[in-house]
Amino acid sequence: MTEETNQPEATAEETNQPEATAEEETKVTESERVKLSICEDQLLRAKADYQNLERISKIEISQKVTLKTNQLMLGFVGIYEDFIRAKSALENESANIEGLEGIIKNMKSLLDENHIEPIETKGKIFDPKFHDAVSTVEDNSLEEGTITQEVAKGYISFQEVIKPSKVIVSKKNEKE
Amino acid sequence: MAEKIIGIDLGTSNSAAAVIQGGKPTLIPAAEGTTVAGKAFPSIVAFSKDGDLLVGEPARRQAVTNPDNTIREAKRKMGTEFMYKIQGKEYKPQQISAFILQKIKRDAEAFTGDTINKAVITVPAYFNDNQRQATKDAGTIAGLEVVRIINEPTAASLAFGLDKNKEDMKILVFDLGGGTLDVTIMEMGGGVFEVMSTSGDTQLGGVDMDQAIKDYVIDEFRKKEGIDLSSNAQAAERVRESSEKAKIELSTVMETEINLPFIAQDSSGAKNLEVKLTRAKLDDLIHSIVQRCKPSIEKAIEDAKISISDITKIVLVGGPTRMPIVRKFVSDTVKSAESGVDPMEAVAFGAAVQAGIIAGDVTSDIVLLDVTPLTLGIETLGGVREPIIERNTTIPTSKDKTFTTAADSQTAVTINVVQGERPMVVDNVSLGSFNLTEIPPAPRGVPQINVKFDIDANGIINVTAKDLGTGKDAKITIESASKMSEADVEKMKTDAEKFAEEDKKKKEQVDVKNEAESFIYTTEKLVNQDLKDKIPQEQGIKITDAIKDLKESLTQGSEQIKPKLEALKAIVNEVTTELYKNATPPPGAEQQSNQEQDNSSDQPTDEQKSNPEDNEEKAEPNSDQKSENS
């Protein structure tokens, strides 16, 4: 019974079907197309995000490695400087320093391998890019801004200052 | 992606900046590198003897050599008429601050890889409208649109995520910096942070603590060895450096040792410094300095008219508050503090969070609304201030009051707009004044003058006075409370850009010079060592001449160096190409050397420069290049 009563309706639908299908199909394709373009857009964005992430991570990792290496090397440099001090103290006492010199040489080559170089200060003109002035001394015989004393050694790595030199700088006495 | 907005903590002695990356605030490092101790950007501006602009770390480093042309703490002068006179030129405090912001902008752009045009900048809670406006102007001059000015304690609270709490809170922000202490009590509720009170000490901070530790170490050595290290600059610097390190270590361990071998020398030989420092000793050394913070806390609580038990949250800001001793002092005096954010970075992080909320990168449960920091009013008879909009009123807002004349037949009134909490006009800051004229003559007390204050979402104040009898009105717009005209701001902006342009030129000059020097070096090495016998004499002379030309140009500008460098490159290119053509390929390198010939015409000069010594090494980048091209 139910089937029978349903039948005519179904037939009626069937007769209408070709038109409806065409219309619906256009609708479906249209909505699929919209969906597809959204997906494509999302894919493109996800790809771009991923590429950005990759790029940023690469930079971040290399920055972190450099920072950590520099921190480590600066710690090492402190001990290296202690050895140099030991050497000059022992030299004054005319002790045998050959072995010590060997150690210092090895330490120096470790610094070289890591591209850590001391910043030159002796007789140079003060440059805030490399030097940190702790005080000034009046000296009219020198060109203004000449470094007269290095208070603490500074270092560069790949042309980047990892620790500026602390220096005392000459100043002309304006009264004279 | 939404446009990036950065958050800037424009501090008195140091500034910091942060940006939201991947949903989290990230500190922006200064171009000078991150190994420099302390915050990224010292708030110092200087002009070198040659008139070059130095900002941040380089300016700090040269400060003692050039005190007359070095400006520190320009923040303290913001919003005043003060002028800095440097090398015959005058600068407003906001121009000096702009130089710092400009550097931050530049370094932020280098860090993020994006152009940065917008920023949120923080100011102390007690800043008045003039000071806030001056801060905004500084941003504009630096080429940054300041999308919001927020209070430093509010920013710090945001960094700790206190805006996520649903219940109403009373927050005490304890900000101990290098040289200043600021205590702020705020109330948070209904999406608004309201400042209840502020107090502080401008001569108290971490610098005093470092000095106390250094003095102790030097004193211990003097007691033991009888030598005064403070008279030896090198030794004193070593003590300073290791004292600071010891102080930081004592935040995580209970005991540390300062070990400085060969620090001094006397007739008996070299002397070593060895001082043990415990946390208890450190506590003892800085106890009196920490205790000096107490009155400021008490005053803030008293001014807020609350008791200690009413405080629900404590936020610590500033480097010295990392120390357990300082944290313990605060928790003993009030209660224990929030944790999880580095107190040195909290304000910049909070500014970045606010920037992220505005840019849509960060979601927040609350809408952080701006409030008027100070009461706005007008001057009335006898120099008395009549408040119209009370401080901490959420903006935008609009309020009005009706006044009358003070004398018979008075035909004009002057409306003087003032800002501040004091009852007398002279003790407050005047933001501007205007006249309402043509009031019909009438006995005093009869005319009705309605004065209306409108503050829009950007904090721009419109004041309108209207004669209710005639309907005639007059108004003033206070958007540039620092009284700088747009033309002035534009001019300063251009000036600031000029410096940026000069910086760029200088950098290019250095780059070109470096490239030239390094190319000369490699070429000389090539000619004199590696290919000494392989270069025909005629070409050798050509190269030598080109090197000489280039060397002579090095003292000139980059425009003069460039063509000489290109000329040398071309000659070297020609010679090496010729050489490789004639060279017998080493066994097994046949394929590569063929490619070499194929590519010789469009070969990048850079590669020739970097690897001229080795045939095989040189061939590799080429084969790479080939595969990329195909």
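This is a guided tour of a two-chain stretch of structure, one selection at a time, and the model on display is a predicted one.

**Stop one: where the chains meet**

Begin by colouring chain A and chain B separately and looking at the place where they touch, where 30 residues of chain A are in contact with 17 residues of chain B. On the chain A side, the elements that each supply two or more residues are helix H1 (2-92) and the strands S2 (131-138), S3 (147-152), S5 (160-163) and S6 (165-171). Which of these elements gives the most to the side of chain A that touches chain B? Select H1(A), for it contributes seven residues and gives the most. If you then colour this side of chain A by residue class, you will find 14 nonpolar, seven polar and nine charged residues.

**Stop two: the sheet of chain A**

Next, select S2, S6 and S3 of chain A, which form an open sheet of three strands in the order S2-S6-S3, with mixed pairing. S2 and S3 of chain A stand at the edges with a single partner strand each, so one side of each has no neighbour in the sheet. From one strand to the next, the twist averages 25°.

To follow the pairing, look at S2(A) and S6(A), which run parallel and are joined over seven bridges, and pick out Glu138(A), whose bridge partner in S6(A) is Lys171(A). Keep the sheet in view and add helix H6 of chain B, which packs on it and touches S2, S3 and S6 of chain A, its direction making about 35° with that of S3(A). Turning to the other pair, S3(A) and S6(A) run antiparallel and are joined by four bridges, and here Glu150(A) stands opposite Val167(A) in S6(A).

Now isolate S6(A): is this strand enclosed or open? Seven of its seven residues are buried, so S6(A) is largely enclosed by the rest of the structure. In a regular strand the side chains alternate between the two faces of the sheet. Accordingly, show the side chains here: Ser165(A), Val167(A), Val169(A) and Lys171(A) point one way, while Lys166(A), Ile168(A) and Ser170(A) point the other way.

**Stop three: two crossing helices in chain B**

Hide chain A and select helix H5 (residues 206-225) and helix H6 (residues 233-249) of chain B, whose axes come within 9 Å and cross at roughly 115°. The crossing of H5(B) past H6(B) is right-handed. From H5(B) the contact is made by Asp210(B), Ile213(B), Lys214(B), Val217(B) and Ile218(B), and from H6(B) by Val239(B), Arg240(B), Ser243(B), Glu244(B) and Lys247(B). Sorted by class, this contact has four nonpolar, one polar and five charged residues.

**Stop four: a sheet of chain B and its helix**

Move on to S6, S5 and S7 of chain B, three strands that form an open sheet in the order S6-S5-S7 with antiparallel pairing. Strand S6 (53-55) and strand S7 (70-72) of chain B are at the edges, each having a single partner strand, so one side of each is left without a neighbour in the sheet. Neighbouring strands are turned by 15° against each other on average, direction ignored. Strand S5 (residues 44-47) of chain B is joined to S7(B) by three bridges, and Ile44(B) stands opposite Arg72(B) in S7(B). Finally, add helix H2 (residues 93-112) of chain B, which lies across S5, S6 and S7 of chain B and runs at about 70° to S6(B).

**Last view: chain B as a whole**

Zoom out to show chain B in full, with its 16 helices and 25 strands, where buried residues make up 40% of the 630 residues.

Methods. Residues are numbered from 1 along each chain as its sequence is written. Chains are lettered from A and ligands numbered from 1 in the order in which they are written. This is a predicted model: local features need pLDDT of at least 70, side-chain atom pairs count only at pLDDT 80 or more; totals for chains, interfaces and linings use all residues. Two residues are in contact if their C-beta atoms, placed from the backbone, lie within 7 Å. Ala, Val, Leu, Ile, Met, Phe, Trp, Tyr, Cys and Pro count as nonpolar, Asp, Glu, Lys and Arg as charged, and the others, Gly among them, as polar. Two strands pair if DSSP finds at least two bridges between them. Axes are lines fitted to C-alpha atoms, for helices over the stretch in contact, and angles run from 0 to 180 degrees between N-to-C directions. A residue is buried if 20 or more other C-beta atoms lie within 10 Å of its own, exposed if 12 or fewer, and partly exposed in between; C-beta atoms are placed from the backbone. A crossing is left-handed if the near helix is turned anticlockwise from the far one by less than a right angle, and right-handed if clockwise.
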